[in-house]
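Dear colleague,

I am passing on the structure we spoke about, placed just below this note. After it you will find a short account of what came out of looking it over.

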Amino acid sequence: MLEKVLSKVEDALHLAGCLCLLAVALLVNADILLRLFASRPVQIQFELTELYLMPALATLSLSRVFRDGGHLALEFTPERLPGVFGAVIVKLRLLLPAAFFVAVTAMSGKFAFEAISHGDVEYGVIDWPLGWAYAVIPLGCGVLVLRLLHDAFLNGGASET
């Protein structure tokens, strides 16, 4: 059941990340075309892309891409190692990144919480609340931690790490 719920969450976040990528492409192209043909930029393009869309598209798909085996990796150990040593290596290949992303999730979550509670704002054409822009990072990294722990302990170590 945990696999189903985690997969649904990963799929939803991946869809959101893909939609952010589409929005970036549309906004940047609209900005280019309007500057070229009408000498009028899209006023909100830079802040919206930089503060909200880029962090979202960079982090929301992390877990889904890992689940699908889509990340680049340097393989320096054989795919399968026999015995206890092989099992330990498989677990370490999942638990060490999980520990790193726990730290990223905790620090970015603290940063986002402080920005939300203090009402931090980026002033521009629109006043952009920064806390919600920062919140996607602990969300995406936190789901990746759940995937890594799931694969390490409940999935017997993913075969494609």
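Among contacts between residues at least 6 apart in sequence, 75% join residues that are at least 24 apart. Please keep in mind while reading that this is a predicted model.

As to the fold, the protein has six helices and two strands, and from the N terminus on the elements follow the order α-α-α-α-β-β-α-α.

On overall dimensions, the C-alpha trace spans about 65 × 35 × 30 Å along its principal axes, and the radius of gyration is 19 Å, whereas a compact globule of 161 residues would have one near 15 Å.

Turning to the surface, 32% of the 161 residues count as buried, and the accessible surface comes to about 10200 Å², with 71% of that area belonging to carbon and sulfur atoms. The protein carries 11 positive and 15 negative charges, and the mean positions of these two groups lie 8 Å apart.

Since you may wonder about the cysteines, how many disulfides does the structure hold? The structure holds zero disulfides. For Cys18, the closest cysteine sulfur is that of Cys20, and because the two sulfur atoms are 9.2 Å apart, they are too far from each other for a bond. Cys141 is likewise in no disulfide, the nearest cysteine sulfur, again that of Cys20, being 15 Å away. As for their surroundings, Cys18 is partly exposed, with a relative accessible area of 36%, while Cys141 counts as buried, at 3% relative accessibility.

With best regards

Definitions and conventions. Residues are numbered from 1 along each chain as its sequence is written. This is a predicted model: local features need pLDDT of at least 70, side-chain atom pairs count only at pLDDT 80 or more; totals for chains, interfaces and linings use all residues. Side-chain values use heavy atoms; hydrogens and water are left out. Helices (H or I, at least four residues) and strands (E, at least two) are DSSP runs, numbered from the N terminus. The radius of gyration is taken over C-alpha atoms; the globule rule is 2.2 Å times the number of residues to the power 0.38. Buried means under 20% relative accessible area, exposed over 50%, partly exposed in between (1.4 Å probe, protein chains only). Contact means heavy atoms within 4.5 Å. Accessible areas come from the Shrake-Rupley method with a 1.4 Å probe; for residues, only the protein chains shown count as cover. Lys and Arg count as positive and Asp and Glu as negative; His and the chain ends are not counted. The place of a charge is taken as NZ of Lys, CZ of Arg, CG of Asp or CD of Glu. A disulfide is a pair of cysteine sulfur atoms within 2.5 Å.
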